[in-house]
Amino acid sequence: MPTMWYELDINDRFVAVSEDWNASSDMLGAPNNVFENIRYLPVWDFVAGEETQRFLRAMFFWVRNKRRPIVLPYQLENMGDASHFRMRIEPLHQGGLLVSHDPDDVPGGAPQLLPYTTKDLTRCSQCLKINIDGVWYNAEPESELHECSDWRVCPDCKERALNLVRQPTGAPVARYARATLGKF
Ligand SMILES: [Zn+2]
């Protein structure tokens, strides 16, 4: 799958997306997210879970404030062995952000399947771990995705992001990158 990217303005609203956006979002099961429908809408309309929003807002703030890119690994559900992705958040001029999503080649088999069918499913939005009675398990639910009632961020993913922020590896962006605008 090619790289998907979107450009956000200073208020986190979609102002541009990669040319293949419509086909890619359809492949990922979001057919209503064609660019014509999301233009100038805040990205937060599409981020489920208060804790996930707070987590990503903190990342956005850091990237804008430090003018450094950050790359966060994450997983998508129902993608099998191709579930690993990287989200790169990069500062643009005038407070904008370029957010790109790349497939990440991570070795390893399918996660252990736990027989977990409650309707009150709590998962980590970054690594898809499941929280059962306060413990995070690396597992897939047997139930459907729509039964996940709460997307949170597990301690491991928070710790990993904190380490990235404390020890940034990417150089500060001196010359602002500019996404190549396609037909939009
Ligand atoms: Zn996690």
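Okay, let's start at a turn: in the hairpin of β4 and β5, with 5 residues between the strands, Q94 takes a positive phi near 55 degrees. Helices here are DSSP runs of H or I with at least four residues, strands are E runs of at least two, and both are numbered from the N terminus.

Quick caveat: this is a predicted model, so local features need pLDDT of at least 70 and side-chain atom pairs count only at pLDDT 80 or more, while totals for chains, interfaces and linings use all residues. Residues are numbered from 1 along each chain as its sequence is written.

Back to that hairpin. β4 and β5 run antiparallel, joined by 7 bridges, and two strands count as paired if DSSP finds at least two bridges between them. One of the bridge pairs puts R88 against S100 in β5. S100 also stands opposite W5, and W5's strand, β1 (residues 4-8), is joined to β5 (residues 97-103) by 5 bridges, again antiparallel. Going the other way, R88 in β4 is the bridge partner of V71, and β3 and β4 share 6 bridges.

Put it together and you get an open sheet of 5 strands, in the order β2-β1-β5-β4-β3, with antiparallel pairing. β2 (14-17) and β3 (70-75) are at the edges with a single partner strand each, so one side of each has no neighbour in the sheet. On average, neighbouring strands are turned by 20 degrees against each other, direction ignored.

Now, what lies across β3, β4 and β5? That's helix α3 (residues 50-66), running at about 40 degrees to β4 (84-91). For the angles, axes are lines fitted to C-alpha atoms, for helices over the stretch in contact, and values run from 0 to 180 degrees between N-to-C directions. Contact means C-beta atoms, placed from the backbone, within 7 Å.

On to the inside. The largest nonpolar core has 15 residues, and I89, L97, L98 and V99 have the most contacts inside it. β1, β2 and β5 each supply at least two of its residues. A core is a set of buried Ala, Val, Leu, Ile, Met, Phe, Trp, Tyr and Cys residues joined through C-beta atoms within 7 Å; buried means 20 or more other C-beta atoms within 10 Å of a residue's own. Skipping neighbours within four places in sequence, V99 touches W5, Y6, L8, M87 and I89. There's also a second, separate core of 8 residues, F55 and C124 among them.

Last bit: the chain has 4 helices and 11 strands, and 22% of its 184 residues count as buried.

Technical notes: Two residues are in contact if their C-beta atoms, placed from the backbone, lie within 7 Å. A residue is buried if 20 or more other C-beta atoms lie within 10 Å of its own, exposed if 12 or fewer, and partly exposed in between; C-beta atoms are placed from the backbone.
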